[in-house]
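Got the viewer open? Keep the selection box handy, and we'll go from stop to stop.

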Amino acid sequence: MEIKETILKGCFIIEPTIYKDERGVFFESYQKKELDTAIGYNVDFVQTNQSISKKGTLRGLHFQKGEYAQAKLVSVVKGTVFDIVVDIRKYSPTYGSYIKVELSDSNKKSIFIPKGMAHGFVALEETVFTYQCDNFYNKDSESGIIYNDRILDIKWDYPESEMIISLKDKQLPLFSEIDL
């Protein structure tokens, strides 16, 4: 397993070692000791969420704030997404910056997203997506940023006219308006 920090401090891409033989494939998608060592602290996941998205579905950009902020380990079980992580930590030198990573059932990559970052993805095909979270969901603490914010200028690399976006996600605030 290879764990590399991205340009967003504390955000890591995890690439498993994949073993293939005549039976199929085996890999460790998560190994606590290795992740804790890489990130420099102990993370305990308490909730696992799963979404199933049609091709073109955009989910995000979401985050939990305050005492219910969540670190997440995200991956794709089936399908392919362009995954976006935005640094919303005002004290961070990469505040307002984002990364885009292709996650798929073929590359088996995961992303560890620390607290203080917004997250979203667009499904490039029907996709099963998992989120392991280190804190429980709290409706009153959920927040987000509109996907097409001009300041962030995210390159989704998917035609906006073909995106399936919930009304809730279309009404998220601008980056400059988020309340942390």
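In which strand does Thr-80 lie? Select it and see: Thr-80 belongs to strand E8. Keep in mind as you click around that this is a predicted model.

**Stop 1: Thr-80**

Is Thr-80 buried or exposed? It has a relative accessible area of 11%, and since anything under 20% counts as buried, Thr-80 is buried. Now add Leu-124 to the selection. The two residues are 44 apart along the chain, yet their C-alpha atoms are separated by 5.5 Å. To see what else surrounds Thr-80, show its contacts and skip the neighbours within four places in sequence. You'll get Glu-102, Leu-103 and Ser-104, then Val-122, Ala-123, Leu-124 and Glu-125, and also Thr-127.

**Stop 2: the largest nonpolar core**

Next, colour Leu-61, Val-86, Ile-88, Ile-145 and Trp-156. In the largest nonpolar core, which has 21 residues, these five touch the most other members. Which elements give two or more residues to this core? They are strand E6 (57–64), strand E8 (80–87) and strand E11 (117–123).

Zoom in on Trp-156. Leaving out residues up to four places away in sequence, Trp-156 touches Leu-58 and Leu-61, Phe-82 and Ile-84, Lys-100, the run Gly-120, Phe-121 and Val-122, and finally Tyr-147 and Met-163. Apart from this core lies another, of 18 residues; to find it, pick out Ile-13, Val-74, Leu-103 and Ile-113, which are among its members.

While you have Phe-82 and Lys-100 in view, look at how they sit: Lys-100 lies over the face of Phe-82, 5.1 Å from the ring centre.

**Stop 3: E6 and its partners**

Select E6 as a whole. Six of its eight residues are buried, so the strand is mostly covered. Then bring up its pairings:

- E11 pairs with E6 in the antiparallel sense, over three bridges; look for Arg-59 opposite Phe-121.
- Strand E13 (residues 142–144) is antiparallel to E6 too, with three bridges; His-62 has Gly-144 as its bridge partner there.
- Strand E14 (residues 164–165) pairs with E6 in the parallel sense, over two bridges; Thr-57 is matched with Ile-164.

**Stop 4: the six-stranded sheet**

Switch to cartoon view. In what order do the six strands of the open sheet run? Trace them as E1-E2-E10-E7-E12-E5, with antiparallel pairing. Strand E1 (2–5) and strand E5 (47–53) are the edges, each pairing on one side only. On average, neighbouring strands of this sheet are turned by 20 degrees against each other, direction ignored.

Start at the E1 edge. Four bridges hold E1 and strand E2 (residues 12–15) in an antiparallel pair, and Glu-2 faces Glu-15 across it. Step on to strand E10 (residues 110–113), which E2 joins through three antiparallel bridges; here Phe-12 has Phe-112 as its bridge partner. Beyond that, strand E7 (residues 72–78) is joined to E10 by four bridges, again antiparallel, with Leu-73 standing opposite Phe-112.

Now turn on the side chains of E10. Ser-110 and Phe-112 point one way, Ile-111 and Ile-113 point the other way, and all are buried.

**Stop 5: the aromatic pairs**

Show the aromatic rings: how many aromatic pairs are there? The count comes to five. Begin with Tyr-95 and Phe-175. Their ring centres are 5.1 Å apart and their planes stand at 40 degrees, so this pair is tilted. Where do the two rings come from? Tyr-95 is in the loop between E8 and strand E9 (98–104), while Phe-175 is in the segment after helix H2 (167–170), so the pair ties together parts that are 80 residues apart in sequence. Tyr-95 is partly exposed, at 32% relative accessible area, whereas Phe-175, at 7%, counts as buried.

Finish with Phe-121 and Phe-129. This pair is stacked, at 4.2 Å centre to centre with 20 degrees between the planes, and both residues are buried. Add Tyr-131 to the selection for a last look: ring pairs link Phe-121, Phe-129 and Tyr-131 into a cluster.

Terms used
Residues numbered from 1 in each chain as written. Predicted model: local features only at pLDDT ≥ 70, side-chain atom pairs only at ≥ 80, totals over all residues. Heavy atoms only, no water. Core = buried A, V, L, I, M, F, W, Y, C linked by side-chain atoms within 4.5 Å. Buried < 20%, exposed > 50% of the residue type's maximum accessible area, 1.4 Å probe, protein only. Contact = heavy atoms within 4.5 Å. Pairing = 2+ DSSP bridges. Axes fitted to C-alpha atoms, helices over the stretch in contact; angles between N-to-C directions. Phe/Tyr/Trp six-rings, centres within 6.5 Å; stacked < 30°, edge-to-face > 60°. Lys NZ or Arg CZ within 6 Å of the ring centre and 35° of its normal.
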